[in-house]
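Me: I want a close look at one part of this model. Which residues surround it, and how does it fit with the rest?

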Amino acid sequence: MGPHGISRAVQRLEFCDCKKGLGVKIIGGYRELTGEEFGIYIKRVIAGGLAALDGRLKSGDLILDVNNISLIGVTNERAVEILRTASVSNHMSLLIARDEESR
C-alpha cells in the first residue's frame, strides 16, 4: 500500500515559476449533499499553461496532495483554494497517481 492508502504507483512532480497557476482544470472531490468521495482529478490541461508546456501532468491524473496538504476527502472548492494558495508561493509539489484506473 502506497502513501495516502493508494495501492497504485505514485509520483511527486515539482513546479516552480507557477504564480499564474498550473493551467489545469480539476474535477471531483467530496460531495457534501451525498457524502460521496471521488478524489481530485485533472480534467483538462490548458494549452499554453505551465502544465501543458511542462508536459508531465495529464488529464485523468489523481492529485493526492499539494505541498504536502492532502486532497483526500476535500471538496472541489477546497482543492481549488489549496492549488491557488500553493501557486502564490511560486512552488508546487504535487503527489499524483496515474494509471488506467485513474483515467
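Reply: What follows goes from the whole chain to a single part, and then outward again.

This is a predicted model, so local features need pLDDT of at least 70, and side-chain atom pairs count only at pLDDT 80 or more, while totals for chains, interfaces and linings use all residues. Residues are numbered from 1 along each chain as its sequence is written, and side-chain values use heavy atoms, with hydrogens and water left out.

Start with the overall layout. The protein chain has 2 helices and 6 strands. Both kinds of element are DSSP runs numbered from the N terminus: helices (H or I) have at least four residues, strands (E) at least two. Along the sequence, their order is β-β-β-α-β-β-α-β. Of the chain's 103 residues, 39% count as buried. Buried means under 20% relative accessible area, exposed over 50%, and partly exposed in between, with a 1.4 Å probe and protein chains only. Contact means heavy atoms within 4.5 Å. Among contacts with a separation of 6 or more, 64% join residues 24 or more positions apart.

Now the part itself. E2 and E3 form a hairpin with 4 residues between them. E2 covers residues 24-31, and E3 covers 36-45. In the turn, glycine 35 has a positive phi of about 75°. The two strands pair in the antiparallel sense over 7 bridges; pairing requires DSSP to find at least two bridges between two strands. One bridge joins glycine 28 to isoleucine 40 in E3.

Glycine 39 sits in E3. It counts as buried because its relative accessibility is 13%. Beyond residues up to four places away in sequence, glycine 39 touches Ile27, Gly28, Gly29 and Leu62. Its C-alpha lies 8.3 Å from that of isoleucine 27, 12 residues apart along the chain.

Threonine 75 reaches the hairpin from elsewhere in the sequence. Its place is the loop between strand E5 (69-70) and H2. Outside a window of four places in sequence, threonine 75 touches Gly29, Tyr30, Glu32 and Ile40. Its relative accessibility is 14%, so threonine 75 counts as buried. Its side chain also reaches the backbone nitrogen of arginine 78, at 3.1 Å.

Next, the nonpolar packing. A nonpolar core is a set of buried Ala, Val, Leu, Ile, Met, Phe, Trp, Tyr and Cys residues joined through side-chain atoms within 4.5 Å. The largest has 21 residues, and Leu57, Ile63, Val66, Met92 and Leu94 have the most contacts inside it. E2 and E3 are among the elements that give two or more residues to this core; so are E1, strand E4 (62-66), helix H2 (76-88) and strand E6 (91-97). H2 gives the most, with 4 residues. Apart from this core lies another, of 5 residues, among them Tyr41, Leu62, Leu64 and Leu95.

Methionine 92 shows how the larger core draws on distant stretches of sequence. Setting aside neighbours within four places, its contacts include Leu13, Phe15, Val66, Leu83 and Ala86.

Last, the loop that leads into the hairpin's E2 strand. Aspartate 17 lies there, between strand E1 (10-16) and E2. Its relative accessibility is 63%, so aspartate 17 counts as exposed. Outside the four-place window, aspartate 17 is in contact with Leu50 and Asn90. Aspartate 17 and valine 88 are 71 residues apart in sequence, yet their C-alpha atoms are 9.5 Å apart.

Terms used:
Polar contact = N/O pair within 3.5 Å; in protein donor to acceptor, adjacent residues only side chain to side chain.
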